[in-house]
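Visitor: I should like to understand how the descriptive terms applied to this structure are justified. Would you take me through them, setting each value against its definition?

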Amino acid sequence: MRRPANAAWYRLKDRARARGRGKCEFCQLRKVYALHHRSYAREGAEKMQDVMAVCKTCHEVIHRLHGGLTYNVKPGSLASQGDTGLDYFAPSKLWLRYLASRT
Ligand SMILES: [Zn+2]
Ligand SMILES: [Zn+2]
């Protein structure tokens, strides 16, 4: 994960957190831990649709699905193309069961 530590980034994170009412925008269960890039197409000038506020567990799994635990998102990778394979606001029942099992 590339994390630009600047005021604009934290404002974006606050807005995404508000959008999800403080909950992870993927599982909608847990509290927000990170702001995840859905796309690096506008890196440095991200729009709200380029990011999602996620909990720690979802964030780890999103990155695991997209090529390892390194949090490096390479241009052209699935992650940089918008998390193909993960429905933005529709976590599967399987996923919710998995999260519940880890509580
Ligand atoms: Zn989550
Ligand atoms: Zn991420």
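Visitor: What makes β1 and β2 a pair of strands?

Guide: Two strands pair if DSSP finds at least two bridges between them, and four bridges join β1 to β2, which run antiparallel. The two are therefore paired by that definition. In one of these bridges, His 36 has Met 52 of β2 as its partner. The model is a predicted one, in which local features need pLDDT of at least 70, side-chain atom pairs count only at pLDDT 80 or more, and totals for chains, interfaces and linings use all residues. Residues are numbered from 1 along each chain as its sequence is written, while chains are lettered from A and ligands numbered from 1 in the order in which they are written.

Visitor: How many helices and strands are there, and what counts as one?

Guide: The protein has three helices and two strands, and their order from the N terminus is α-β-β-α-α. Helices (H or I, at least four residues) and strands (E, at least two) are DSSP runs, numbered from the N terminus.

Visitor: How do you know that the length of helix α1 agrees with its number of residues?

Guide: The expected span is 1.5 Å times one less than the number of residues. For the 13 residues of α1 (residues 7-19) that gives 18 Å, and the end C-alpha atoms are 18 Å apart, so the two agree.

Visitor: Why is Arg 21 called exposed?

Guide: A residue is buried if 20 or more other C-beta atoms lie within 10 Å of its own, exposed if 12 or fewer, and partly exposed in between, with C-beta atoms placed from the backbone. Arg 21 has 9 such neighbours and therefore counts as exposed. Arg 21 follows α1 and is found in the loop between α1 and β1. Its phi is positive, near 50°, although Arg 21 is not glycine. Most residues other than glycine have a negative phi.

Visitor: Why does Gln 28 count as partly exposed?

Guide: Gln 28 has 15 C-beta neighbours inside 10 Å, so it counts as partly exposed. Gln 28 too is found in the loop between α1 and β1, and its phi is positive, near 60°. The C-alpha atoms of Gln 28 and Val 54 are separated by 8.6 Å, although the two residues are 26 apart along the chain.

Visitor: What makes a group of residues a nonpolar core, and which elements contribute to the largest one?

Guide: A nonpolar core is a set of buried Ala, Val, Leu, Ile, Met, Phe, Trp, Tyr and Cys residues joined through C-beta atoms within 7 Å. The largest has 13 residues, and those with the most contacts inside it are Cys 24, Met 52, Ala 53, Val 54 and Cys 58. Two or more residues come from each of β1 (34-37), β2 (51-54) and α2 (56-65), and β2 gives the most, with four.

Visitor: What shows that both faces of β2 are covered?

Guide: Val 51 and Ala 53 on one side are buried, as are Met 52 and Val 54 on the other. In a regular strand the side chains alternate between the two faces of the sheet.

Visitor: Where is confidence lowest and highest among the helices and strands?

Guide: Confidence is given by pLDDT (the predictor's confidence in each residue, from 0 to 100). It is lowest in helix α3 (residues 93-101), at a mean of 68, and highest in α1, at 90. The mean for the protein is 72, with 60% of residues reaching 70 or more.
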